[in-house]
Structures are given as structure tokens and as C-alpha cells.
Amino acid sequence: MRIRVAGVEDLPDMLVVEKGCFGSERFDLRMLENILSDKEDESFIVEDGSGTVGSAMIHHKTSLGRSRIISLAILPELRGKGYGRATLEFLEDRARAKRSTIMELEVRVINVAAIDLYLTSGYEVLGTISNYFGKGEDAFYMEKAL
Ligand SMILES: CC(C)(COP(=O)(O)OP(=O)(O)OC[C@H]1O[C@@H](n2cnc3c(N)ncnc32)[C@H](O)[C@@H]1OP(=O)(O)O)[C@@H](O)C(=O)NCCC(=O)NCCS
């Protein structure tokens, strides 16, 4: 697999990943364009030999020494092969490169796979945010010291 910086030419693939991986809270074209154009954000495409397998986005709050995972997604049919963990480690390296000492994220409380990935990668649940992903869709707030 390889992870590379995403550009506007990747928007169609990014939309496919969003549609395949997220429900009503998925990013639409305008949101993805905003992320791609934000200087404090970085967007990446995850590929294997046959094409796009996922995407990832991160926001760097450089002045605070913190980075935040905006999105990490692997297409359903390609999960369980280690792509998600490898992409998370890649994002952590990007955060360290920006001199962040903390990585933070929000994850839906029922997202067992993602929570397990984060817990086994050293993240801690520091709180619960009610209705973060919409009515009745609570999130765990998680952090890791990098
Ligand atoms: C979370 C996600 C990125 C994991 O991607 P993946 O490529 O399947 O992950 P990996 O194969 O690298 O597995 C890494 C770890 O995730 C956890 N995990 C993955 N699938 C799991 C499952 N079905 N049940 C429980 N834990 C699971 C495990 O801890 C696993 O480590 P292990 O293989 O040592 O047990 C993927 O499930 C996904 O894209 N989900 C939808 C989008 C999403 O919810 N993203 C997170 C938003 S915060």
C-alpha cells in the first residue's frame, strides 16, 4: 500500500470513500473542497496495487501543538488487512512532523472497529459528547500523547 497527498483530482474517489464508509454525517463535495483548500488541513489517499482503498484527513492546530483526525476511512471490502492501522500511524507521523504533541479525535460510541483501533494504538477516552454526530449520535472524545 501507499499513502499520498490528495488533490482536487482525487475528489471523485474521496466521495466514493465517503459514501462507502459513512452515513448521513459523510462529507459532501463542498466540505471536501474546503478541507483540501484549508492550509491547516492535510488530505491523503490510501492506495494499493489496484487503486484507491481509503482516505484520511487531519487538521493541525500548530499554535496549540495539537492535531485532530478529521477522517480515516477504508472501503468496506478492503478492511481487516492492516490498512487502517498503517494509515493511523502515518497520520501520527504527519502530526509529529508538524510538532504536535497530542492527537485528538471524535468517534461514534457505537463504532466498535474504530474504537478498538484507537484503544490498541494508545488513545484514551477522555469524555463523551452528546449528539456530536446528530441527534442521539454520541461521540467519544479521544486523545493520544505523541
Ligand atoms: C476503522 C477502520 C478505518 C479500520 O480500518 P481497517 O483497515 O479495517 O483496520 P485494520 O485492518 O488496520 O485493523 C486495525 C484494528 O482495528 C480494529 N478492528 C478492525 N476491524 C474490527 C472489527 N470488525 N471489530 C473490532 N475491531 C476491529 C482492531 O483493533 C484491528 O487491529 P487487529 O487487526 O490487530 O485486531 C475501518 O473500519 C473504517 O473505515 N470504518 C469506517 C470509517 C470509520 O468509522 N472511520 C473512523 C472514524 S473516527
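These legends accompany close-up views of a predicted model.

**Figure 1. The protein chain as a whole.**
The chain holds four helices and seven strands. From the N terminus on, its elements follow the order β-α-α-β-β-β-α-β-α-β-β. The C-alpha atoms fill a box of roughly 40 × 35 × 30 Å along the principal axes. The radius of gyration is 14 Å, which agrees with the value near 15 Å for a compact globule of 146 residues. Of the 146 residues, 27% count as buried. Among contacts with a separation of 6 or more, 55% are between residues 24 or more positions apart.

**Figure 2. The largest nonpolar core.**
This core has 29 residues. Val46, Ala56 and Leu91 have the most contacts inside it. Several elements each supply at least two of the core residues: helices H1 (11-21), H2 (29-37) and H3 (83-97), and strands S2 (41-48), S3 (51-61), S4 (66-74), S5 (102-108) and S7 (139-145). In soluble globular proteins, nonpolar side chains tend to be buried together.

**Figure 3. Leu91 and its contacts.**
Which residues does Leu91 touch, leaving out those up to four places away in sequence? They are Ala56, Ile58, Ile69 and Leu72. Leu91 and Ala56 are both listed, with Val46, as having the most contacts inside the largest nonpolar core. Ala56 also stands opposite Leu72 in S4.

**Figure 4. Strands S2, S3 and S4.**
S2 and S3 pair in the antiparallel sense over eight bridges. They form a hairpin with two residues between them. Phe44 has Ala56 of S3 as its bridge partner. S3 and S4 also run antiparallel, joined by eight bridges. Here the bridge from Ala56 leads to Leu72 in S4. The hairpin of S3 and S4 has four residues between the strands. In that hairpin, Gly65 takes a positive phi near 65 degrees.

**Figure 5. Strand S5 beside S4.**
S4 and S5 run parallel and are joined by three bridges. Arg66 stands opposite Ile102 in S5. Which side chains of S5 point to the buried face? Met103, Leu105 and Val107 point to one face and are buried. Ile102, Glu104, Glu106 and Arg108 point to the other face and are not buried. The side chains thus alternate along the strand.

**Figure 6. The shell around the ligand.**
Of the 20 residues around the ligand, Arg79, Gly84, Arg85, Ala113 and Leu117 come nearest. The shell divides into eleven nonpolar, five polar and four charged residues. S4, H3, S5 and helix H4 (112-119) each supply at least two of its residues. Which element gives the largest share of the shell? H4 does, with five residues.

**Figure 7. Val112 in helix H4.**
Val112 is found in H4. Is Val112 buried or exposed? Val112 is exposed, because 9 other C-beta atoms lie within 10 Å, and a residue with 12 or fewer counts as exposed. The C-alpha atoms of Val112 and Phe44 are separated by 24 Å. These two residues are 68 residues apart along the chain.

**Figure 8. Strands S6 and S7.**
S6 (residues 124-129) is hardly covered. How many of its six residues are buried? The count is zero. S6 and S7 run antiparallel, and five bridges join them. Thr128 has Phe140 in S7 as its bridge partner. S7 also supplies at least two residues of the largest nonpolar core.

**Figure 9. Two loop residues with positive phi.**
Asn131 is found in the loop between S6 and S7. Asn131 is not a glycine, although its phi is positive, at about 60 degrees. Asn131 is exposed, with 10 other C-beta atoms within 10 Å. Arg99 is found in the loop between H3 and S5. Phi of Arg99 is near 65 degrees, again a positive value in a residue other than glycine. With 11 C-beta neighbours inside 10 Å, Arg99 counts as exposed.

**Figure 10. Val8 in the loop after S1.**
Val8 is found in the loop between strand S1 (2-5) and H1. Val8 counts as exposed because it has 11 C-beta neighbours inside 10 Å. The C-alpha atoms of Val8 and Tyr141 are separated by 30 Å. Along the chain, Val8 and Tyr141 are 133 residues apart.

Key
Residues are numbered from 1 along each chain as its sequence is written. This is a predicted model: local features need pLDDT of at least 70, side-chain atom pairs count only at pLDDT 80 or more; totals for chains, interfaces and linings use all residues. A nonpolar core is a set of buried Ala, Val, Leu, Ile, Met, Phe, Trp, Tyr and Cys residues joined through C-beta atoms within 7 Å. A residue is buried if 20 or more other C-beta atoms lie within 10 Å of its own, exposed if 12 or fewer, and partly exposed in between; C-beta atoms are placed from the backbone. Two residues are in contact if their C-beta atoms, placed from the backbone, lie within 7 Å. A residue is near a molecule or strand if its C-beta atom, placed from the backbone, lies within 6 Å of it. Ala, Val, Leu, Ile, Met, Phe, Trp, Tyr, Cys and Pro count as nonpolar, Asp, Glu, Lys and Arg as charged, and the others, Gly among them, as polar. The radius of gyration is taken over C-alpha atoms; the globule rule is 2.2 Å times the number of residues to the power 0.38. Two strands pair if DSSP finds at least two bridges between them.
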